[in-house]
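User: I'm new to reading protein models, and I learn best from one small piece at a time. Could you pick a single helix, look at it closely, and then show me a little of what else is there?

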Amino acid sequence: MNANVAVLKQQLEHLFPGKWLSGGDGDKILRTGIRDIDSGITAGFARRQITEWSGLSSSGKSTLLRGAIAHWCTNGLNVGYVDTFSRLVASDWAFVKEGHYGPVPLNMMQRKGNAAGEFLVVRVSESLAQHRSSLLNKGVNRSGASAQSEAVSRKDVKQEAFWVVEQLIRSTIFDAIVFDMGESLYFNDRLFARLKRALERSRTALIVLKDRQLREHYSTKKVDSDIANSGWGCHTNMCFKWSAPIHYESGMSGLALISPAIKGVVSRDGMTQNMEAKLNMHVQNRLFTHPQIPDRRTPKARA
Amino acid sequence: MRLSEARAVCSELRWRDYDDSLYIAAQKEMISYLVECSPRVSAIQVGMFLLDAEGLALLGGENLFARNIIRFVSQKGYTEGYIGLADSAFAATVAAQQQRRWHIVAPGKDSSFLSSLSVDYLPISLESKDTLYGLGVERMGQLTALPYEEVTKRFEKEGVVAYELASGIDRRRPSLPKIETSYQCYVDMGGPIESLNDTLFVIKSMLERLTCLLKQAGLCAEELTMCFYSDDDLFEERPVRLIRPSNQGKFLLEVLRLSIENRQLEKEFTSLRLIISKTSPELFKQVSMLSGDGTKLESPETRFSSDSFLLLVQKLNTRYGENPLLRPVAIDHYTPERAGAWQPAIGSQSTSLSVAVDYVKASAGNAALVSGLVLKRYAQPRSILVEVHKGQPETFTSEGVLYKIHRITTPECLSGLWWEQPVRKSYYTALVQPSSSNDYLLVMLVYDHECKTWFVEGEYD
């Protein structure tokens with residue numbers, strides 16, 4: 001009887017992560033809703049661990065991750081996203097909390113949860129630039145530095161992003177934190193140790209989103225083996241890229257939609273597993289909405 | 001007098017911008033002085049005070065009272081003082097504006113005093129004043145001569161107030177001034193301090209004392225100010241605003257530590273003053289009995305109202321000046337870059353698009369509202385050189401790399417915003433391959449018709 005209940009709880013946990021198991025797998029792993037990731041060698045994202053989610057700057061990795069984030073939010077989990085270089089567009093993520101995640105991977109389980117988690121974003125480079133400019137406007141200039149040296153450099157932004165990630169982990173509010181590092185490929189040893197220490201005291205899963213740089217002409221096998229061997233201390237490594245078959249949707253006057261499949265390689269503890277996700281997209285029509293018409297009754301203030 | 005002329009008279013003259021807090025501080029100071037003249041004193045606006053002038057018959061009368069106050073105020077440095085005495089506060093303020101040092105309205109004559117004066121004195125909107133003038137009502141007496149119901153019907157609430165004031169009815173009364181306690185601590189170190197640990201040690205002991213006082217008074221700190229002195233010379237005054245009022249020493253210490261860490265002091269200090277510059281009454285909220293149950297998981301709502309969340313927001317606020325924790329919201333607009341906005345997670349009123357999410361989900365599925373791939377925009381759109389063959393882009397060069405366009409969609413031509421900054425753009429999605437790689441990229445190509453230039457605005461990821 002007890003065994004049956006445990007199995008049932010495991011199945012329910014698979015459907016509604018973070019709700020049914022306590023102290024066991026449910027506390028340790030976050031299911032993504034994507035079958036190939038949840039049922040393979042990784043079985044989801046490990047809490048208190050760093051998972052690398054990488055690919056070329058355009059490879060479909062963020063689209064897949066958005067699906068996973070929407071899955072978590074609809075199941076009552078809180079997700080933080082540290083957008084280091086402020087590249088996200090708000091409209092793409094506006095309905096993630098409600099479980100709307102755009103092109104659905106065909107192998108993704110669609111669930112309707114009762115509790116809605118939060119999805120919050122920190123746009124690091126933007127916040128830092130605003131802060132610096134406000135300091136300059138107020139005439140507060142640290143240690144007599146010139147205005148030129150107050151410009152935000154990429155190094156500053158990266159350091160700030162690490163600080164923000166550490167604070168988000170330490171707050172123990174978020175179940176998953178996505179750290180979008182852009183093309184900054186490597187962790188400094190000291191920072192890595194700090195993040196690991198912070199993770200050990202929390203229940204958060206840290207997902208490091210990295211953009212790999214374009215490679216010269218390589219065979220596909222060579223690229224895959226490189227990915228499998230590129231562990232740097234992360235628990236699991238997942239690498240994605242666009243692949244065939246590419247679906248083209250014709251419109252009334254030509255091509256309306258390009259939708260490639262996403263190929264992924266998941267590696268953990270020396271083992272690798274291939275996965276593929278096809279996207280279920282449809283043609284956008286932005287003209288369903290309209291801009292706000294200005295209120296002509298009030299004349300515009302003239303300078 | 002112009003500033004240059006004034007400087008010619010007084011070379012040490014300094015220009016200072018209008019600062020509301022300075023006026024309020026001067027006003028509070030003046031109230032504390034005026035208590036010596038009358039037990040009930042209150043300020044109704046900047047530079048205008050109400051004093052209780054009842055029961056003066058045996059103290060030399062109203063004239064002596066007015067003369068004494070003018071003399072007293074002049075001694076404090078305010079030589080341009082005017083006094084009005086009347087039954088109602090409004091009549092007294094109008095009497096004080098009659099360009100005489102003091103003007104006394106006889107008891108019971110407020111209405112007749114006001115009747116000959118202009119309606120401009122009434123605290124009503126400009127639009128209502130214009131309407132009154134339009135109706136031929138220029139004096140308060142003409143207003144009170146109208147039937148009360150007609151005025152109420154025409155001007156509603158504002159008309160009622162104006163009618164009552166013009167009739168000499170004003171419910172404002174001077175009150176007993178509140179005694180303001182200042183919560184501050186001052187420590188003279190006896191020598192220069194430059195280490196953070198030593199500073200925090202001192203601040204901790206100061207906070208212990210201040211929070212104890214606050215708790216006794218049932219107050220919470222809203223804003224703290226740290227003043228750092230070097231040999232009695234104030235070199236830094238740092239206000240620290242709290243995201244939520246608190247009288248918890250640990251929390252306040254953490255906030256001050258963050259402030260010092262984020263913006264280090266210019267030099268070592270020899271004395272420190274810590275001031276609770278703003279306070280608010282402490283709220284006592286009933287905590288759920290189950291909240292202490294360690295076996296129960298916290299709900300998302302609980303976590304986002306918890307102290308740890310507030311501390312996180314406070315940390316980010318202290319570091320970046322404003323709340324960088326943002327929430328994406330949709331906006332009723334069709335160009336991709338303007339279809340959404342980032343809104344602070346707390347402390348902002350929601351202005352998002354209201355969407356019947358359940359209806360859309362049921363009728364068009366999960367992907368209906370967010371139909372595309374995730375776009376990652378560049379900080380600045382990259383201008384590119386495009387080679388076009390038979391009207392179709394074939395290749396482009398960006399930052400020294402040649403990209404071959406394999407497939408490209410028909411453009412989505414969007415224009416608008418003619419009332420702000422006109423936008424006329426053609427948006428393409430292109431599957432491209434860099435010349436030096438086997439990999440494919442999906443990019444957003446944009447042709448800006450306003451500046452006749454091609455751009456890559458971002459990549460689909």
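Analyst: Here's the close look at one helix, followed by one residue in a strand and a few wider points.

First, some ground rules: this is a predicted model, where local features need pLDDT of at least 70, side-chain atom pairs count only at pLDDT 80 or more, and totals for chains, interfaces and linings use all residues. Residues are numbered from 1 along each chain as its sequence is written, chains are lettered from A and ligands numbered from 1 in the order in which they are written, and side-chain values use heavy atoms, leaving out hydrogens and water.

Our helix is helix 6 of chain B, residues 126–134. Helices here are DSSP runs of H or I with at least four residues, strands are runs of E with at least two, and both are numbered from the N terminus. In helix 6 of chain B, B:Ser128, B:Lys129 and B:Leu132 are buried. Buried means under 20% relative accessible area, exposed means over 50%, and partly exposed is in between (1.4 Å probe, protein chains only). Looking down the axis of this helix, its buried residues fall within an arc of 100°, so they line one face. That arc is taken from the directions from the helix axis to the C-beta atoms. The face turned away from the buried side carries the exposed residues B:Leu126, B:Glu127, B:Asp130 and B:Gly134. So what covers the buried residues? The cover includes helix 7 (140–145) and helix 8 (148–166) of chain B, going by contacts, meaning heavy atoms within 4.5 Å. After helix 6 of chain B comes B:Gly136, with a positive phi near 85°.

Now hop over to chain A, which has 9 helices and 12 strands. Of its 303 residues, 53% count as buried. One of them is A:Thr236, at a relative accessible area of 2%, which lies in strand 9 (residues 236–251). Leaving aside residues up to four places away in sequence, A:Thr236 touches A:Thr42, A:Ile50, A:Thr51, A:Glu52, A:Val266, A:Ser267 and A:Arg268.

Last stop, the cysteines. A:Cys239 counts as buried because its relative accessibility is 5%, whereas B:Cys413 is exposed at 55%. How many disulfides are there over all chains? Taking a disulfide as a pair of cysteine sulfur atoms within 2.5 Å, the count comes to 0.
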